[in-house]
Amino acid sequence: MPVCCCRCSLPGHFRDTETEGEIFNSLVQYFGDNLGRKVKAMPLVEETSLLEDSSVTLPVVVIGNGPSGICLSYMLSGYRPYLSPEAVHPNAILYSKLEEARHLSIVDQDLEYLSEGLEGRSSNPVAVLFDTLLHPGADFGHDDPSVLHWKLEQHHYIPHLVLGKGPPGGAWHNMEGSMLTISFGNWMELPGLKFKDWASSKRRNLKGDRVLPEEVARYYKHYVKVMGLQKNFRENTYITSVSRLCRDPDDNDDGQDKSISAQQQIEKSKFITRNWEVQGYQRVDDGSHVPFCLFAENVALATGTLDSPARLEVEGEDFPFVFHSMPEFGAAVSRGKLRGRVDPVLIVGSGLTAADAVLCAYNNNIPVIHVFRRRVTDPSLIFKQLPKKLYPEYHKVYHMMCTQLCSADSNLLSDYTSFPEHHVLSFKSDMKCILQSVSGLKKIFKLSAAVVLIGSHPNLSFLKEQGCYLGHNSSQPITCKGNPVEIDAYTYECVKEAHLFALGPLVGDNFVRFLKGGALGVTHCLAVRQKKKQHLFVEREGGDGIA
């Protein structure tokens, strides 16, 4: 479905009147239904300006169509969570708070008050709150039902577009299909559609609680369709620039941005403020790129962090035998390029993706040299946080890491050799690598391939400074664990940029269980602001002199 263009170098090339009509109707609903006034009285909503003029400003543009973007679209579309009449939450204090405002949706309640005192596996309090409402007792091994039920309240609809490179589901469509997810299937689900119900409707027999990434990807794609969210999604879109057009007076020390033109000053006085310009292109069926430009009052970053694999930054890392992703390595194995090779594969990293690569090589009879900087007894290793019964394959890798260590004479074992507290110094053109231990001892090995799996960074090249200025440490790139985007804990608005929101892995929530809290925080913030604007507009239109 093509993007609705506000400014295009190929006018009329990919305008879709049905799509534009849907968006127009959404804007009518947003302004007309909520305010109870004639749409023509509102700026930026006449059909001519929407379809032909470049002055249309969307309330929200979401960049990224993975589970974070999908869940946000679900809630912006008017779906509201309420405490179920029959529900009793195991946390008595939280349940008492919920009982106080049972008639209100969670979106309309004080999230800080509800989150107070809760603990969980996310550093974001709203994420912990929403998770305990959706999955009570999950951290204690319980599979209790959600205490929420959902209502579609169309008068709460906030017009928005969700832009993604591929189909809804984001990076889940690109993950290695042979590995099971780290999370249980029900933890991967989004509000309103149980994963098991979807699987049974597709006649898929789930053999266990964990599922394949390709099943999760299909579920997310189906979710968008069955929830009626398609009109908000645009596929095959690539963002090249997100830039600030104007700032609120509170955003500037002198209360005024002198670079704003007179036209922009007029625009600022309208009901929707044109804060952001989003530029990019859409790849169409014939392979050509069609540029587009959208204007938005608010932008939500839901890109995830899998775009750019982290690098060692050592000599020879760009040689073709050095891979930086599991799909690359898996493809090489599938094509039989590494089978029957005497020389081992070097795998660098101590996380679960590196463990997946070890299993892939091990199961295909490819010898492995496994290099990582940490001690095998390091308490922060992810393997120590996984129950053995639920994750036997990862504990098999951890057992090998601890027991099949390199010898003093550097002789390799036949199938797998572990090199803890080592790092790569360089790769050579003759497919050799130089390793160095923590004591400074160097070792040289001949390889058949190398796989560097030490994490990844989001691609925020469309923002100024690659988005670094948004992080807790503005001198470092944004990462999920080390330097997430700094946000307000309850609204998910960027501390250093008003009207810009971030959620999901960008703010440290790498599990689907917790990224749903970001959608709640953003929707709550926008709903509060929308009510304030409506109140101001009604006063202004009433002619009582209040502005």
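Asp131 is a buried residue, with a relative accessibility of 5%, in a model that is predicted. Its place is in helix H6, which covers residues 125–134, and when neighbours within four places in sequence are set aside, Asp131 is in contact with Pro136, Arg513 and Phe514. The burial of Asp131 fits the setting of the helix, since nine of the ten residues of H6 are buried, so the helix is largely enclosed by the rest of the structure. Besides Asp131, the buried residues of H6 include Val126, Ala127, Val128, Leu129 and Phe130, and the list continues with Thr132, Leu133 and Leu134.

**The chain as a whole**

The secondary structure of the chain amounts to 14 helices and 19 strands. Of its 547 residues, 54% are buried, while the area that the chain exposes comes to about 24600 Å², with carbon and sulfur atoms supplying 50% of that area. Among contacts with a separation of 6 or more, 68% join residues that are 24 or more positions apart.

**A buried strand residue**

Val162 belongs to strand E4, residues 160–163, and is buried, its relative accessible area being 0%. Which residues does Val162 touch, not counting those up to four places away in sequence? They are Val62, Gly64, Asn65, Gly69 and Ser73, together with Asn232, Phe233 and Arg234. Val162 can also be set against Glu235, which is 73 residues apart from it in sequence, with a C-alpha to C-alpha distance of 8.6 Å.

**Salt bridges**

Side chains of opposite charge can pair when their charged atoms come close. A search of the whole structure finds eleven salt bridges, and the table gives three of them, with the distance between N and O atoms.

| Pair | N to O distance |
|---|---|
| Glu99 and Arg102 | 2.4 Å |
| Lys428 and Glu315 | 3.2 Å |
| Lys531 and Asp108 | 3.4 Å |

In the salt bridge of Lys531 with Asp108, Lys531 lies in helix H14 (residues 512–541) and Asp108 in the loop between helix H4 (92–100) and H5, so the pair ties together parts that are 423 residues apart in sequence. Lys531 counts as partly exposed at 45% relative accessibility, and Asp108 is also partly exposed, with a relative accessible area of 25%.

The salt bridge that Lys428 forms with Glu315 joins two loops: Lys428 lies between strand E14 (422–427) and strand E15 (432–437), and Glu315 between strand E9 (308–309) and strand E10 (322–323), so the pair ties together parts that are 113 residues apart in sequence. At 29% relative accessibility, Lys428 counts as partly exposed.

For the pair of Glu99 and Arg102, the relative accessibility of Glu99 is 36%, which counts as partly exposed, and Arg102 is placed in the partly exposed class at 25%.

**Acidic residues at the surface**

Asp110, Glu112, Glu116 and Asp488 form a negative surface patch. One of these residues, Glu112, lies in helix H5, residues 111–115, and has a relative accessible area of 47%, so that it is partly exposed.

Glu393, another acidic residue, is found in helix H13, residues 392–403, and is partly exposed with a relative accessible area of 21%; because the buried class ends under 20%, a value of 21% puts Glu393 in the partly exposed class. The C-alpha atoms of Glu393 and Asp356 are separated by 9.0 Å, with the two residues 37 residues apart along the chain.

**Positive phi outside glycine**

Where does Asn365 lie, in terms of helix H12 and strand E12? Its place is in the loop between helix H12 (352–363) and strand E12 (368–372), and its phi is positive, at about 60°, although Asn365 is not a glycine. His499 likewise has a positive phi, near 65°, in a residue other than glycine, and is found in the loop between strand E18 (456–457) and strand E19 (500–502).

Is each of these two loop residues buried or exposed? Asn365 is exposed, with a relative accessible area of 72%, whereas His499 is buried, with a relative accessible area of 9%.

Conventions
Residues are numbered from 1 along each chain as its sequence is written. This is a predicted model: local features need pLDDT of at least 70, side-chain atom pairs count only at pLDDT 80 or more; totals for chains, interfaces and linings use all residues. Side-chain values use heavy atoms; hydrogens and water are left out. Patches are made of residues with over 30% relative accessible area and no salt bridge: like charges are joined within 9 Å, nonpolar side chains (Val, Leu, Ile, Met, Phe, Trp, Tyr) within 5 Å. Accessible areas come from the Shrake-Rupley method with a 1.4 Å probe; for residues, only the protein chains shown count as cover. A salt bridge is a side-chain nitrogen of Lys or Arg within 4 Å of a carboxyl oxygen of Asp or Glu. Lys and Arg count as positive and Asp and Glu as negative; His and the chain ends are not counted. The place of a charge is taken as NZ of Lys, CZ of Arg, CG of Asp or CD of Glu. Helices (H or I, at least four residues) and strands (E, at least two) are DSSP runs, numbered from the N terminus. Buried means under 20% relative accessible area, exposed over 50%, partly exposed in between (1.4 Å probe, protein chains only). Contact means heavy atoms within 4.5 Å.
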